[in-house]
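Visitor: I should like to take a close look at one part of this protein, namely its nonpolar interior. Please guide me through that part and its surroundings.

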Amino acid sequence: MNTQVFFRIYCKTQFSQHVKVVGNEPQLGNWNPSKGLQLLTNESMYPIWFTDYPLELLAYSKLEFKVVIIDDQNCYWECCPNREMNVQSLKQIVIVNYDNPSIQVLGIKTLVSEVELPNIEQNRARKVSIQVQDYMSYTDSDSEDQNSKKSQLTKDNSLFPSIESFNSCLQPNEDLQQDRIDMD
């Protein structure tokens with residue numbers, strides 16, 4: 001069973017540089033920066049770099065990766081240890097800061113429901129609408145109860161977290177303490 005992983009990386013770069021995610025999977029270049037996963041940014045998102053399509057990985061596998069800044073002549077690896085995560089069975093967003101060892105993994109679940117529409121004559125119909133509700137949670141679980149909390153990454157629940165969410169990432173020890181509190 002495969003799952004989808006999206007990356008959101010906070011990384012300041014120079015004009016001619018770009019960012020890649022390099023890791024232990026073929027899609028991440030098997031630790032070869034020239035074959036790593038190329039990230040994108042734009043004027044409105046910078047310094048957040050992101051994947052425009054999901055990385056397809058085997059569910060319940062272990063993923064190790066680093067973020068790399070590349071320019072025409074150099075490759076700048078993060079100084080922190082390799083990041084490790086267990087890929088779960090649902091869609092996930094991985095959020096990291098360049099050179100900061102903390103990692104935030106959010107589960108994504110999409111609910112799609114058709115809007116009840118009155119019968120409309122076909123020659124006068126313009127469009128049929130579908131309501132899509134995205135929400136994210138800080139849990140690894142697929143259970144409906146645990147995934148019902150809305151993410152506080154952005155006000156519009158988009159897949160693009162705000163810069164404030166990167167700055168609010170907990171340090172590793174704080175993250176572990178928070179997990180223990182959440183479990184109680």
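Guide: The following account begins with the whole chain, turns to the interior, and ends with the loops and the less certain stretches.

The model is predicted, and the mean pLDDT of the protein chain is 74, with 59% of the residues reaching 70 or more. The chain contains two helices and 11 strands. Read from the N terminus, the order of the elements is β-β-β-β-β-β-β-β-β-β-β-α-α. The protein chain has 184 residues, of which 41% count as buried. Among the contacts with a separation of 6 or more, 55% are accounted for by residues 24 or more positions apart.

The interior itself can now be considered. In soluble globular proteins, nonpolar side chains tend to be buried together. Here, the largest nonpolar core has 21 residues, and those that touch the most other members are Phe-7, Ile-9, Val-21, Leu-63 and Phe-65. At least two residues of this core are supplied by each of the strands β1 (2-10), β2 (18-23), β5 (55-58), β6 (62-70) and β9 (91-97). Strand β6 provides the largest share, four residues. There is also a second, separate core of five residues, whose members include Phe-6, Ile-95, Leu-106 and Ile-108.

Phe-7 offers a useful point from which to examine the largest core. Once neighbours within four places in sequence are set aside, Phe-7 is in contact with Val-21, Leu-37, Leu-39, Trp-49, Phe-50, Thr-51, Leu-55, Leu-63, Phe-65 and Val-94. Two of these partners, Phe-65 and Thr-51, merit separate attention.

The partner Phe-65 introduces the aromatic rings. A pair of aromatic rings is described by the distance of the centres and the angle of the planes. The count of aromatic pairs comes to one. In this pair, Phe-7 and Phe-65 are arranged edge-to-face, with 5.4 Å from centre to centre and 75° between the planes. Because Phe-7 belongs to strand β1 and Phe-65 to strand β6, the pair ties together parts that are 58 residues apart in sequence. Both Phe-7 and Phe-65 are buried.

The partner Thr-51 is located in the loop between β4 (48-50) and β5. Is Thr-51 buried or exposed? Its relative accessible area is 4%, and therefore Thr-51 is buried, the limit being under 20%. A polar atom of the Thr-51 side chain lies 3.2 Å from the backbone nitrogen of Phe-7. Apart from residues up to four places away in sequence, Thr-51 touches Phe-6, Phe-7, Arg-8, Leu-37 and Leu-39.

Leu-63, another of the core residues with the most contacts to other members, leads to a neighbouring strand. Leu-63 stands opposite Met-85 in β8. Strands β6 and β8 run antiparallel and are joined by four bridges. In a regular strand the side chains alternate between the two faces of the sheet. Strand β8 (residues 83-86) has Arg-83 and Met-85 on a covered face, whereas Glu-84 and Asn-86 are on an uncovered one.

Several loop residues complete the picture. Tyr-46 lies in the loop between β3 (37-38) and β4, and this residue is partly exposed, with a relative accessible area of 33%. A polar atom of the Tyr-46 side chain is 2.7 Å from the backbone nitrogen of Thr-13. Tyr-46 and Thr-13 are 33 residues apart along the chain, and their C-alpha atoms are separated by 9.3 Å. Pro-47 also has its place in the loop between β3 and β4.

The backbone of these loops deserves a remark. Most residues other than glycine have a negative phi, and most peptide bonds are trans. The peptide bond from Tyr-46 to Pro-47 is cis, with omega near 15°. Trp-31, in the loop between β2 and β3, has a positive phi, near 70°, and counts as partly exposed at 30% relative accessibility. Asp-99, in the loop between β9 and β10 (103-114), likewise has a positive phi, near 65°. Asp-99 is partly exposed, with a relative accessible area of 38%.

Finally, two stretches call for a note on confidence. Over residues 111-115 the pLDDT stays under 50, and the model has 12 contacts beyond four places in sequence for them. The pLDDT is also below 50 over residues 128-157, a stretch with 76 contacts in the model beyond near neighbours in sequence.

Terms used
Residues are numbered from 1 along each chain as its sequence is written. This is a predicted model: local features need pLDDT of at least 70, side-chain atom pairs count only at pLDDT 80 or more; totals for chains, interfaces and linings use all residues. Side-chain values use heavy atoms; hydrogens and water are left out. A nonpolar core is a set of buried Ala, Val, Leu, Ile, Met, Phe, Trp, Tyr and Cys residues joined through side-chain atoms within 4.5 Å. Buried means under 20% relative accessible area, exposed over 50%, partly exposed in between (1.4 Å probe, protein chains only). Contact means heavy atoms within 4.5 Å. A polar contact is a pair of N or O atoms within 3.5 Å; within protein, one must be able to donate a hydrogen and the other to accept it, and residues adjacent in sequence count only if both atoms are side-chain atoms. Rings of Phe, Tyr and Trp (its six-membered ring) pair if their centres lie within 6.5 Å; planes under 30 degrees apart count as stacked, over 60 as edge-to-face and the rest as tilted. pLDDT is the predictor's confidence in each residue, from 0 to 100. Two strands pair if DSSP finds at least two bridges between them.
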